[in-house]
Amino acid sequence: MAPKPTKVTNRIRVLRSEIGLTQADLAAKLGVTRQTVIAIEQGRYSPSLELAFQIARIFGKPLDEVFQYED
């Protein structure tokens, strides 16, 4: 059975391109694999709260400008 897609969406891809960061660059800054960054961007994986804060901090944005929760 395939994992259920998360209700958490994000703007990581847009924010990354705005500052010229590759998936590999972001992964290195976070200490995760590029595959993890891909899965988060595609909404197949929700990051831990700690990782979500780290991602938001890299982009200099509040958490809710990077991640949204759809009811």
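Which residue just after H4 takes a positive phi? I looked there before anything else and found Gly60, with a phi of about 65°; helices here are DSSP runs of H or I with at least four residues, strands are runs of E with at least two, and both are numbered from the N terminus.

Notes on the model. I am working from a predicted model, in which local features need pLDDT of at least 70 and side-chain atom pairs count only at pLDDT 80 or more, while totals for chains, interfaces and linings use all residues. Residues are numbered from 1 along each chain as its sequence is written, and side-chain values use heavy atoms, with hydrogens and water left out.

Entry on H4. I listed the buried residues of helix H4 (residues 49-59) and obtained Leu51, Ala52, Ile55, Ala56 and Phe59, where buried means under 20% relative accessible area, exposed over 50% and partly exposed in between, with a 1.4 Å probe and protein chains only. Seen down the axis of H4, these buried residues fall within an arc of 140°, so they line one face of the helix; the arc is that of the directions from the helix axis to the C-beta atoms. On the other side of H4 I found Glu50 and Arg57 exposed. I then asked what covers the buried residues, and the cover includes helices H1 (12-19), H2 (23-30), H3 (34-41) and H5 (63-66), together with strand S2 (67-69). Phe59 touches Ile12, Leu15, Arg16, Ile19, Leu21 and Leu26, not counting residues up to four places away in sequence, contact meaning heavy atoms within 4.5 Å.

Entry on the salt bridges. My search of the whole structure gave 2 salt bridges, each defined as a side-chain nitrogen of Lys or Arg within 4 Å of a carboxyl oxygen of Asp or Glu. In one of them the side chains of Arg13 and Glu41 meet at 3.3 Å, N to O, and this pair links distant parts of the chain, with Arg13 in helix H1 and Glu41 in helix H3, 28 residues apart. Glu41 also forms a salt bridge with Arg16, the closest N and O atoms being 2.5 Å apart, so I noted Arg13, Arg16 and Glu41 as linked in a network of salt bridges. Arg13 is partly exposed, at a relative accessible area of 44%, whereas Glu41 counts as buried at 10%.

Entry on Gln23. Gln23 lies in helix H2 and counts as buried at 13% relative accessibility. Leaving aside its neighbours within four places in sequence, I found Gln23 in contact with Arg16, Arg34, Val37, Ile38 and Glu41.
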